[in-house]
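Me: Please take one part of this structure and examine it closely. I should like to know how it is built, what follows it and how its side chains relate to the surroundings.

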Amino acid sequence: MKTHEQARRTWRWLAWATVVAVVTARGVVVVVGQEPPPAAYPNGKLLVEPGDLKKSIDTSSVLVVDVRPADAYRQGHLPDAVPLDIDQWTKHSRQPRALKDAKLWAELVGALGVQADKPVVIYDDTVTPNAARAWWLLRYVGHPDVRLLNGGLAGWKASGGTLGDDDVPITKAKFDAKFQSQMLADAEMVRKVIGQSGACLVDSRTAAEYTGEQAQGPRGGRVPGAKHLEWKEFLDARGRFKPADDIATLLVKTKISADDAAITYCQSGGRAALDAFALELMGFKNVKNYYGSWSEWSANEKLPVEKGK
């Protein structure tokens with residue numbers, strides 16, 4: 001008897017298979033079934049493939065942002081890419097009330113040359129939490145079209161993409177920060193959804209952090225009831241997102257459903273941003289990042305903690 005997963009894959013094959021009839025000299029008809037293409041990500045516009053990005057760079061229709069360290073940027077970067085000091089952005093974003101300071105983010109984003117009417121593509125060496133954090137912050141402060149480069153710089157080079165080593169001049173832009181509150185969760189919101197149906201807490205840290213074996217704060221452990229799905233599980237060995245079918249299987253195995261409101265967390269919001277990106281990529285409509293994450297939760301003795309596997 002076929003499993004549900006086998007049946008689903010068989011259905012996809014039948015739905016996509018192209019039947020080709022070949023008539024030989026003797027009038028024999030040979031029917032050939034063509035393998036179906038990989039399933040598309042439900043929200044694939046969030047992700048850019050290297051070949052597609054090259055076309056956009058050639059027409060100057062996107063702003064490409066490099067979040068690698070400054071010395072790595074100087075050694076070679078994507079054509080016309082501007083550097084972003086993600087450590088600086090992280091430091092700013094972790095300050096009290098920073099995610100409600102519209103003036104701060106108007107200055108930071110504007111200084112990068114970001115315009116609301118021009119798509120932004122972010123990359124790192126591969127797909128990383130740093131790239132995802134930059135994606136999440138830009139989306140949260142109101143940019144409507146921010147994407148990640150699948151595979152990052154490694155993917156770009158593997159596709160034959162060229163590099164530049166010049167310092168790309170940045171033209172400051174006027175940016176009005178408009179916070180997207182539906183993307184952000186706080187500790188009280190997390191506390192209220194513990195044990196509630198229709199909500200799913202997703203812990204993107206390592207297994208050792210999740211179980212409490214490794215404490216990265218005043219207390220070790222996790223938010224009670226949180227599902228464990230480390231950010232690395234979404235990526236293949238090349239640092240690209242796994243195919244949509246593989247991610248769908250991973251979500252089923254972890255019992256994370258698109259029908260639920262998802263809240264991701266980690267230690268400080270970066271790994272949680274990658275999980276949030278992956279969930280949105282897979283079509284989740286209600287995803288929040290608990291940006292205060294474990295560093296905040298573990299420091300508050302009034303908040304509950306769960307340990308073990």
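Reply: What follows is a close look at helix α6, then at the loop after it, the aromatic rings and two further loops.

The model is predicted, so local features need pLDDT of at least 70 and side-chain atom pairs 80 or more, while totals for chains, interfaces and linings use all residues. Residues are numbered from 1 along each chain as its sequence is written, and side-chain values use heavy atoms, without hydrogens or water.

Helix α6 covers residues 129-140, twelve residues in total. (Helices are DSSP runs of H or I of at least four residues, strands runs of E of at least two, numbered from the N terminus.) Its length can be checked against the expected span, 1.5 Å times one less than the number of residues. For α6 that span is 16 Å, and because the end C-alpha atoms are 16 Å apart, the two values agree.

The helix is mostly covered, with eleven of its twelve residues buried (under 20% relative accessible area; exposed is over 50%, partly exposed in between; 1.4 Å probe, protein chains only). Among the buried residues are Pro129 and the alanines Ala131, Ala132 and Ala134. The buried set also includes the aromatic residues Trp135, Trp136 and Tyr140. Leu137 and Leu138 belong to it as well, and so do the arginines Arg133 and Arg139.

After α6 comes Gly142, with a positive phi near 115 degrees. The loop between α6 and β7 also holds Pro144. In contrast to the buried residues of the helix, Pro144 is exposed, with a relative accessible area of 59%. Although 28 residues separate Pro144 from Ala116 in sequence, their C-alpha atoms are 6.9 Å apart in space.

Two of the buried aromatic residues of α6, Trp136 and Tyr140, also take part in ring contacts. Together with Phe179 and Tyr291, Trp136 and Tyr140 form a cluster linked by ring pairs. (Rings of Phe, Tyr and Trp, its six-membered ring, pair with centres within 6.5 Å; planes under 30 degrees apart are stacked, over 60 edge-to-face, the rest tilted.) The model has seven aromatic pairs by this rule.

One of the pairs is that of Trp89 and Trp105, which is edge-to-face, at 5.5 Å centre to centre and 85 degrees between the planes. Trp89 lies in helix α4 (residues 86-93) and Trp105 in helix α5 (residues 102-111), so the contact ties together parts that are 16 residues apart in sequence. Both Trp89 and Trp105 are buried.

The loop between α4 and α5 contains Arg97. Arg97 has a positive phi, near 65 degrees, in a residue other than glycine. At 64% relative accessibility, Arg97 counts as exposed, whereas Trp89 and Trp105 are buried.

A positive phi is also found at Asp80, about 70 degrees, although Asp80 is not a glycine. Asp80 is placed in the loop between α3 (70-75) and β5 (82-83). With a relative accessible area of 47%, Asp80 is partly exposed.

To return to the starting point, α6 is a helix with eleven of its twelve residues buried. Two of its residues, Trp136 and Tyr140, belong to the ring cluster with Phe179 and Tyr291. In the loop between α6 and β7, by contrast, stands Pro144, which is exposed.
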